[in-house]
Amino acid sequence: FTGKGGSCCVPRGSIYGAALALPQIARSCEWPGTLCALVIRTYFFCFLNFMLQAYLLSMIGEEFNLWFLFAGRMHLCDFGRSIQDCPDGPNCVGPRGTIFSYPRLYDFDVWGTRIFAQDSMAAVNATHLDKVDPGEYGLENFYCRMVCIFLFLKSTVTDFCENIENIKTLVLTPTRADSWINMHVPNWAAKSDVKAFDNMDELDLVEYRVAGMPLHWKILNAIFILVPKTLLWLGVTRSGVHYLMETAGIMNVVVNAMALSFILNVDEMIFERLTSTLSTYILSHIQALALYEDDLEETDEQALARYEKQEMNMGCLSILWKIMPMQLIVLIATLVLFLTDYYLTNCELRDGSWVSKAMHLPSEVDGNLFRFMFGIEASQQPDAFWTMPDAVSS
C-alpha cells in the first residue's frame with residue numbers, strides 16, 4: 001500500500017473526519033460505551049449536516065429555477081458586457097430590444113420596477129409614453145463577476161481536494177482491521193518516570209493514528225459519507241456558479257460569492273460548536289499514515305549521492321512540473337467546466353455574444369427538492385414569455 005511519498009489522513013476540523021475516524025477508534029477499543037455514544041452522536045450530526053446543506057442548496061435552486069421565472073426574469077448571460085462599444089459595436093441590444101448605454105443600465109429589480117411603472121402609465125393614459133424609458137437589464141462589470149466566481153470556486157476546490165484526500169485514505173489504507181489507537185511509552189525509562197520527567201498524564205501517552213480499515217467499513221464510508229459529500233459539492237458548485245452568473249450588480253455579486261461559501265462550511269461549524277470536547281481532542285491529535293518507508297540503512301554518503309542525482313541533475317520538465325501549482329490548475333479547469341455548463345444550458349450565441357435562450361414558465365410546481373438541488377429543470381409550458389428581440393425597437 002505504500003507509495004513514493006506523502007501521507008493520508010482524515011479532515012481534522014470537519015464532521016466528515018469524525019465520521020471516518022471515530023468508528024475505527026471505537027472498533028479498535030472493542031466498542032466501549034463512551035465511544036459508542038460518540039459514534040452515534042457523530043453520525044447524527046453528519047446526517048444533520050447533509051440535511052442542512054441539501055435544504056439550503058435546494059432553496060437556491062428553487063429561487064432561480066422557479067421564482068426567477070415567475071418574476072419574468074431571463075438569464076443574464078453576457079447582456080451589457082460590451083456596453084463600452086455601444087451603440088455601434090456588437091452585443092449592444094438588451095433584453096427589451098433597445099441599445100445599451102451607461103445611464104440606461106439597471107439590475108433586474110430596478111429594471112422590472114421601471115417596466116411596471118411604464119405599463120401602469122400605459123394602462124391609465126397611453127399618451128407621452130415615448131418619454132418613459134425603463135432602460136435595459138445588464139451586467140455592471142463582467143470581469144468583477146468572473147473574479148468573484150473564481151474566488152468562490154477557490155473554496156469549493158479546497159473542499160473537492162478534501163474529498164480526494166478522503167478517497168485516498170479509503171483506497172490506500174490497508175484493508176485489514178488495524179488498531180487506530182495505541183499506548184506509546186518511551187523505552188528509555190519506566191512509564192511513571194517518563195510522566196514525571198515530562199510532566200505528562202496518562203492521556204498524553206495515547207496515540208491516535210490512521211491505520212488499516214476492514215473492507216466493509218470502507219464500503220460503508222464510501223456509500224454513506226463520500227458519495228453524499230461529493231454530490232453536495234457538485235450541487236453547491238453548479239448552483240453557486242449559476243447564481244453568480246445571474247447577478248448583475250457589483251456589490252451583489254461580491255456579497256453573494258461570500259455568502260455561497262458559507263454552505264460548504266456548515267460541516268465545520270457543526271463540528272466546532274456541537275461535537276464533544278473528546279471528539280475534538282481525538283481529531284486534533286490523530287496522526288496521518290505515512291505512504292513511504294524511511295531507509296534506515298542508508299549512510300550519509302548514500303543520502304548525499306541520492307540528493308545529487310535527484311536534485312542537482314533534475315531535468316527541465318521535472319522542474320516545470322514542480323513549478324506548476326496543481327490546485328490552481330484544478331481551479332481553472334473547474335471554472336472552465338462550470339462556465340461552459342452555464343452558457344450551453346442557458347444561453348445562445350447571437351451577434352457574436354451570449355444572450356438568454358427563450359424563457360418558458362414551468363408547467364407545474366412540484367416542489368421537488370432533489371431537482372432544485374442540482375438545477376434540473378421541470379417540464380415547461382410550450383409558449384415562451386420572453387424571447388430575444390431580433391431587431392432594435394424604439
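Helices here are DSSP runs of H or I with at least four residues, and strands are runs of E with at least two, numbered from the N terminus. By that count the protein chain holds 13 helices and 11 strands. The model is predicted.

**Overall form**

The chain has 394 residues, and 40% of them count as buried. Its radius of gyration is 29 Å, against a value near 21 Å for a compact globule of 394 residues. The C-alpha trace spans about 100 × 55 × 40 Å along its principal axes. Contacts with a separation of 6 or more were also sorted by distance in sequence: 78% of them join residues 24 or more positions apart.

**Surface and charge**

The exposed area of the protein chain is about 21,400 Å². Carbon and sulfur atoms supply 62% of that area. The chain carries 27 positive and 44 negative charges. The mean positions of the two sets lie 2 Å apart.

**A three-stranded sheet**

Strands of a sheet pair through backbone hydrogen bonds, either parallel or antiparallel. In this model, three strands form an open sheet in the order E4-E5-E6, with mixed pairing. Strands E4 and E6 stand at the edges with a single partner strand each, so one side of each has no neighbour in the sheet. E5 and E6 pair in the parallel sense, over two bridges. Within this pair, Tyr208 stands opposite Ile286 in E6.

| Strand | Residues |
|---|---|
| E4 | 181-183 |
| E5 | 206-209 |
| E6 | 286-287 |

Definitions and conventions:
Residues are numbered from 1 along each chain as its sequence is written. This is a predicted model: local features need pLDDT of at least 70, side-chain atom pairs count only at pLDDT 80 or more; totals for chains, interfaces and linings use all residues. Side-chain values use heavy atoms; hydrogens and water are left out. Two strands pair if DSSP finds at least two bridges between them. The radius of gyration is taken over C-alpha atoms; the globule rule is 2.2 Å times the number of residues to the power 0.38. Buried means under 20% relative accessible area, exposed over 50%, partly exposed in between (1.4 Å probe, protein chains only). Contact means heavy atoms within 4.5 Å. Accessible areas come from the Shrake-Rupley method with a 1.4 Å probe; for residues, only the protein chains shown count as cover. Lys and Arg count as positive and Asp and Glu as negative; His and the chain ends are not counted. The place of a charge is taken as NZ of Lys, CZ of Arg, CG of Asp or CD of Glu.
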